[in-house]
Amino acid sequence: MNRQAFTTLEYQHLLALIKRNAQTEPGQRRIETLSPLDNVSQLQRELSALAECVLLRSRGVKWWFNGLTDPAETIARLRVEGASLDPVAILQTARLCEQAMSARAAVLAERENAPVLWRLVEDLPRDLNTLVARVTNKILPNGELDDRASPELASIRNEINVLRSRITRSLESLMRRSAEAIQDELVTIRNDRFVIPVKADHRGRVQGVAHGYSSSGATAFVEPLETIDANNELQGLHESETREIARILFGLSEELRAQLPAIERASEAVAELDFINARAVFHQNFDCVIPEIHAGVETNTSGRLELVEARHPLLEENLRASGGSVVPVSFALDDEKNAMVISGANAGGKTVVLKTTGLLALMALSGISVPAKSALFPFYASVLADIGDHQSLAANLSTFTSHAANIARMIDLCEAPALVLLDEVGTGTDPEEGSALGVAVVDHFRRACGAHVIATTHYSGLKMYAGNEEGVINASVEFDEKTLQPTYRLIVGVAGASSGLEIARRFGVPGEIVANAMKSVKDSSLQASEYLRRIKREAEEAEALRLALEEERTAVAEKFASLDKEAAKQERERQATFDQTIQRTLAELEKRARELVARIQDRTERVRVEREAQRQVAEMKRAAQREVRVVREGAVVQPEPPPASTFEDAPQYVTAAPREIVIGDKVKLRSFGSVGIVDQIKDGIAEVRVKSLRFKERLDQLELVEQQAIPKTQQGKLEKLRKSAHAEIHLASAEQSAQSELNVIGQTTDEAVDAVDKFLDEASLASLAQVRIVHGHGTGALRRAIAGLLDGHPHVARFLPAPPDQGGAGATVVELRQ
């Protein structure tokens, strides 16, 4: 894309604003060189990466690149074989790798939400973490080598410290012996050698080498003869230390050189992530949106441009400092309506609309989010602008000629799809000729170039052209006639009066001059201005009515929403009441079942009854849930058919005449309502047998009953009910015969475990000593599931695989407890 409009639209100032958010020099350079992209696929990737970064920041995922210098020079030196780096450069490279890997870890945790960002850091090898650890273990944060960088360095530095202490003690002893010749009892260093301050007039008292005098000449810094050898030895140790440090740094440089491709990738990833993050920070600071780019438009057309509550970022930045705010702009252009002529008062914001549209278009095409509520841009090939006065005495250009020259250049550069911005088109010459030229220029760009055209004007000819031409929209900036102040609101669909005389009065032009000017204005111009004002008032009244209707619609919607919430609340309360009732019923049933089980003496019968009670409770819960689900879905609940046991030919009992209860009588247990036979009576306690169960109950809790025969007509009815029932419940008693083998091949693990559990109950009730379960070989899933059930089962004494002649590993033999 050509850069014709970059300066006019202050694109570089925008980049400077975004650059503040970059943390690294490479990231800042990426922003400085940013420009609109020519490839729509690359643009979509940039916008996707930006959207992912904004999402991650909103989720608290951020990366920081603090204290990093530009790695370009270090990487260039690593490309030179045998070159060694200084400690600071090595440490900076390690920090670069460390922060790159830290950013990779942050993106890794969110890679499903950030696929584009993940591709940027995915190839960074984990070996960089090892490299960072080796460097930081040898180089301290201040750039000095740690004593533990190598055993040799540790030994040399230890020797240096010991020798330094010995020299210091020797000099201190000498100063005490020659106290009258010593200026200050302070050991100091001159020329990297330990010396003592000796008074100049006592120089002969201390034999040694003088390494200089104080500025006053009163003190000589003398290295005594007795410490010269020690100082020489110390210098040798320092040289050994320097050689060892050089060896260590060369080794670390070679390790970095071995990882040079990975370091280069880390550098590129850090620069790119910093670049993306700077744009994401700008996005959050200015409440931006990711623009939608509409590509693939037909030849010689520009598609659709739509801005909703768009704001100029540079203007907003300036107004923030003074506590002001930007008035947003909203409008739309497409292939049917591809031009808009904006009129209205001077200083009303017409040029701001042009600059906002142009700058936001350049931002969107550069992969930068835009300050707006929503934004749709075509993939413009050209963004052209003629804004401001380009007159120049040096170039011999007047206001009109500068505009004309610029427009001529824009016509040559225009390439569809294009955005053309014209400020005060045709100005600077005879109004009639300028108006005609303005109409012709706008018409050429929209027809010959297929461009989106936005032009500002004060010419009535252009306003009439916009009103009469089907593909052109009239718009105006609002002007408050009461305060004589612009509101900066863009009103689409209505042309605006220039209000030049009122503006002149507001800016201090004497009233008599304005009054004389009013007399000179043609009646037709006054009528046209009045007509525009009347249209504006009617548009404002229509807008006020629309807002009132919108408020009323919102109020009605809120009322219906509150009714829905109340209905939902009542339904929740009803459901809660229903659930509580169900829970109470189930709790009572479970309580009675536990009381019944507690009275059963036989252990085997107790286990069977416990399981039967649990099964009935679970069935009641499932039935309740089915009814709730059917009611919620609005279906009619069909009553369950009564269980078949209801229609059995069970004998009917009535209360018998009162008498003393004896063994063999049929009695009714008042606590449970069951009827049984008295088998034993002892100390006022009767043992009652109810089918296969036995209960102990006090005699006063028993009621003597006798059997009542059922009439034949009633028996016929029961038979019909039995045949029409949808389900039967068969209760197996302990006396019924049981099978000693169960085959579960072909069943699921859940079905097989349930079948084996019931099979063991029946076998135990039948007093079988051993049973066989056939489950087959297969994948072993059935065998493992059945073994898990058998392990710890109350009926099982032990179990093991069947002998080869009985199925081998495809069956399991179970010995039951007796």
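This passage walks through the aromatic contacts, one helix, one sheet and the cysteines of a predicted model. In this predicted model, local features need pLDDT of at least 70 and side-chain atom pairs count only at pLDDT 80 or more, while totals for chains, interfaces and linings use all residues. Residues are numbered from 1 along each chain as its sequence is written, and side-chain values use heavy atoms, with hydrogens and water left out.

A good place to start is the aromatic rings. The structure contains two aromatic pairs (rings of Phe, Tyr and Trp, the last by its six-membered ring, with centres within 6.5 Å; planes under 30 degrees apart count as stacked, over 60 as edge-to-face and the rest as tilted). Phe6 and Tyr11 form a tilted pair, because their ring planes stand at 45°, with the centres 4.9 Å apart. Phe282 and Phe286 are likewise tilted, with planes at 35° and centres 4.8 Å apart. Each of these rings belongs to a buried residue (under 20% relative accessible area, where exposed is over 50% and partly exposed lies in between, using a 1.4 Å probe and protein chains only): the relative accessible area is 4% for Phe6, 0% for Tyr11, 1% for Phe282 and 4% for Phe286.

Phe286 also meets a charge: the charged end of Arg320 sits over its ring, 4.4 Å from the centre (NZ of Lys or CZ of Arg within 6 Å of the ring centre and within 35 degrees of the ring normal). Arg30 is placed over the ring of Phe275 in this way, with its charged end 4.0 Å from the ring centre.

Helix α15 spans residues 460-468 (helices are DSSP runs of H or I with at least four residues, strands runs of E with at least two, numbered from the N terminus). Leu462, Lys463, Tyr465 and Ala466 are buried here; viewed down the axis, the buried residues fall within an arc of 160°, so they line one face of the helix (the arc is taken from the directions from the helix axis to the C-beta atoms). Met464, Gly467 and Asn468 are exposed on the other side of α15.

Turning to the strands, an open four-stranded sheet runs in the order β5-β9-β6-β7 with mixed pairing (two strands pair if DSSP finds at least two bridges between them). Its edge strands are β5 (292-294) and β7 (329-333), each pairing on one side only. β5 joins β9 (residues 374-378) in the parallel sense over three bridges, and Glu292 has Leu376 of β9 as its bridge partner.

Finally, the cysteines: the model has zero disulfides (pairs of cysteine sulfur atoms within 2.5 Å). Cys97 is buried at 1% relative accessible area, and Cys288 is buried at 7%.
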